[in-house]
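Here is a friendly walk through one model, asking at each step what a label rests on. Have a look at the structure first, and then we can talk it over.

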Amino acid sequence: MRIRTFLLMAVFAAALTSSASGQVATKKFPWQPVGGVQNIDVATENVVVGQVVFDLGSTLKGTPLRKSSANVRVRIDNNSETDEEVGVAVVVFDAEGNVVAAGSNGTKWGYLNKGARTYYDIDFSYVYRRLDNAANFIVTLETRAKGTKSSKPTNDAPTPEPTPIP
């Protein structure tokens, strides 16, 4: 009976740990920016992406680089009671479902303080040429509260030995 109670408590503790390690929210939106601005709502508990501002940009001319200045500016509010590690990704699709722009950004150093607002600029540096065909986009928000451990994926399958080259 003691072993059963112990195992039940261990499973419960593991469930709490895994749920506290991080959260993810993803939503799809129709492409409807007005002057580049579109209000949205993607939230994990109390961290919210509330607005995106698209800039279709242009290609840098007169240089050997073929990099675009196209980007999206994402507004993030941390309405929680803890500092948060934040990551956000934006993927833009055309009407046929082809990706026409993609990028991500997030907390690089420290945390987004509780009650704070920040803006992340996400560049569409190299996948941008068909951005004028945008029909919808997806925003994914990942958060992890300060003090929680990251959950690393595990692979229980044995690693195969490399095949020797004759």
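Q: Which strands form the open sheet, and in what order?
A: In this predicted model, 4 strands form an open sheet in the order 1-8-5-6, with antiparallel pairing. Strand 1 and strand 6 are at the edges and have a single partner strand each, so one side of each lacks a neighbour in the sheet. On average, neighbouring strands here are turned by 10° against each other, direction ignored.

Q: What makes strand 5 and strand 8 count as paired?
A: Pairing asks for at least two bridges between two strands, and 11 bridges join strand 5 to strand 8, which run antiparallel; therefore they count as a pair. One of the residues involved is G87, whose bridge partner in strand 8 is E142.

Q: Why is the pair of W31 and F54 called tilted?
A: Ring centres must lie within 6.5 Å to pair, and a tilted pair has planes that are neither under 30 degrees nor over 60 degrees apart. The rings of W31 and F54 have centres 4.3 Å apart and planes at 45°, so the pair is tilted. W31 sits in the loop between strand 1 and strand 2, while F54 is in strand 3, 23 residues apart.

Q: How do you know whether W31 and F54 are buried or exposed?
A: Buried means under 20% relative accessible area, and partly exposed runs from there up to 50%. W31 has 22%, so it is partly exposed. F54 has 7% relative accessibility, so F54 counts as buried.

Q: What makes the pair of F54 and F137 edge-to-face?
A: Planes over 60 degrees apart earn that name. The planes of F54 and F137 are at 75°, with 5.1 Å centre to centre, so this pair is edge-to-face. F54 in strand 3 and F137 in strand 8 are 83 residues apart. F137 is buried, with a relative accessible area of 0%. F29, W31, F54 and F137 form one aromatic cluster.

Q: Which residues have the most contacts inside the largest nonpolar core?
A: They are V90, V92 and F124, in a core of 28 residues. Among the elements giving two or more residues to this core are strand 3 (47-55), strand 5 (84-94) and strand 8 (134-145). V90 touches, among others, F54, V72, I122, F124 and F137. In soluble globular proteins, nonpolar side chains tend to be buried together.

Q: Why is the contact between E85 and R144 called a salt bridge?
A: The cut-off between the nitrogen and the carboxyl oxygen is 4 Å. The closest N and O atoms of E85 and R144 are 2.4 Å apart, so the pair qualifies. E85 lies in strand 5 and R144 in strand 8, so the pair ties together parts 59 residues apart in sequence. E85 is partly exposed at 29%, whereas R144 is buried at 18%.

Q: What makes R117 and D77 a salt bridge, and how is each one classed for exposure?
A: Their closest N and O atoms are 2.6 Å apart, and the limit is 4 Å, so they form a salt bridge. R117 in strand 7 and D77 in strand 4 are 40 residues apart. R117 counts as partly exposed at 48% relative accessibility, and D77 counts as buried at 11%. R75, D77 and R117 are linked in a network of salt bridges.

Terms used:
Residues numbered from 1 in each chain as written. Predicted model: local features only at pLDDT ≥ 70, side-chain atom pairs only at ≥ 80, totals over all residues. Heavy atoms only, no water. Core = buried A, V, L, I, M, F, W, Y, C linked by side-chain atoms within 4.5 Å. Buried < 20%, exposed > 50% of the residue type's maximum accessible area, 1.4 Å probe, protein only. Contact = heavy atoms within 4.5 Å. Axes fitted to C-alpha atoms, helices over the stretch in contact; angles between N-to-C directions. Phe/Tyr/Trp six-rings, centres within 6.5 Å; stacked < 30°, edge-to-face > 60°. Salt bridge = Lys/Arg side-chain N within 4 Å of Asp/Glu carboxyl O. Lists of a residue's contacts leave out its neighbours within four places in sequence.
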